Amino acid sequence: MNKKIQALALERIYRLFELAELNLKSHAKRSKRYIQMARKIGTRTNTRIPDELKPSYCKKCNAFLKKGVNAKHEKEGGILLVKCLECGAERKTGRKNTP
């Protein structure tokens, strides 16, 4: 894909994540739809979702995850364990430092 298309896709992904966060409490279904659209844009344009956004959504149910609202975050060493309280899926992010 063209670099301009990937740059535009990345901007749209960030914007959709912002909208998902804003609509989390008032419109949960709309928030899920924004995450679903962002993932589809990433798939179609071959653009990766940035690492800083990965702990903020559930891969199983497409929910936007916010600590204390619908997610539980635990830090184990260098690994962040994120649990979705809507579907129960768990996800580990980060790297464990091994010598």
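This report covers the salt bridges, one strand hairpin and selected loop residues of a predicted model.

Residues are numbered from 1 along each chain as its sequence is written, and side-chain values use heavy atoms, with hydrogens and water left out. Because the model is predicted, local features need pLDDT of at least 70 and side-chain atom pairs count only at pLDDT 80 or more, while totals for chains, interfaces and linings use all residues.

**Salt bridges**

A search of the whole structure finds 4 salt bridges. The term means a side-chain nitrogen of Lys or Arg within 4 Å of a carboxyl oxygen of Asp or Glu. Three of these pairs are listed here, each with its N to O distance.

| Pair | N to O distance | Relative accessibility |
|---|---|---|
| Glu 21 – Lys 66 | 3.4 Å | Glu 21 40%, Lys 66 35% |
| Lys 32 – Glu 86 | 3.2 Å | Lys 32 28%, Glu 86 40% |
| Lys 72 – Glu 74 | 3.6 Å | Lys 72 43%, Glu 74 33% |

Accessibility falls into three classes: buried is under 20% relative accessible area, exposed is over 50%, and partly exposed is in between (1.4 Å probe, protein chains only). Glu 21 counts as partly exposed, and so does Lys 66. Lys 32 is partly exposed, as is Glu 86. Lys 72 and Glu 74 are partly exposed as well.

Where do the partners sit? Helices (H or I, at least four residues) and strands (E, at least two) are DSSP runs, numbered from the N terminus. Glu 21 forms a salt bridge with Lys 66. This pair links distant parts of the chain: Glu 21 is in helix 1 (residues 3–22), Lys 66 is in the loop between helix 2 and strand 1, and they are 45 residues apart. Lys 32 forms a salt bridge with Glu 86. That pair also links distant parts of the chain, with Lys 32 in helix 2 and Glu 86 in the loop between strand 2 (79–84) and strand 3 (90–93), 54 residues apart.

**The hairpin**

Strand 1 and strand 2 run antiparallel, joined by 6 bridges. Two strands pair if DSSP finds at least two bridges between them. The two strands form a hairpin with 2 residues between them. Gly 77, in the turn, has a positive phi of about 65°. Lys 72 stands opposite Lys 83 in strand 2. Lys 72 also meets Glu 74 in a salt bridge.

**The loop between helix 2 and strand 1**

This loop lies between helix 2 (28–45) and strand 1 (71–76), and Ser 56 has its place there. Is Ser 56 buried or exposed? Ser 56 is buried, because its relative accessible area is 12%. Contact means heavy atoms within 4.5 Å. Leaving aside neighbours within four places in sequence, Ser 56 is in contact with Phe 17, Ala 63, Phe 64 and Leu 65.

Two asparagines add backbone detail. Most residues other than glycine have a negative phi. Asn 46 has a positive phi of about 60° although it is not a glycine. Asn 62 has a positive phi too, of about 65°, and is not a glycine either. Asn 46 lies in the loop between helix 2 and strand 1. Asn 62 lies in the loop between helix 2 and strand 1 as well. Which of them is buried and which is exposed? Asn 46 counts as exposed, because its relative accessibility is 62%. Asn 62 counts as buried, because its relative accessibility is 16%.
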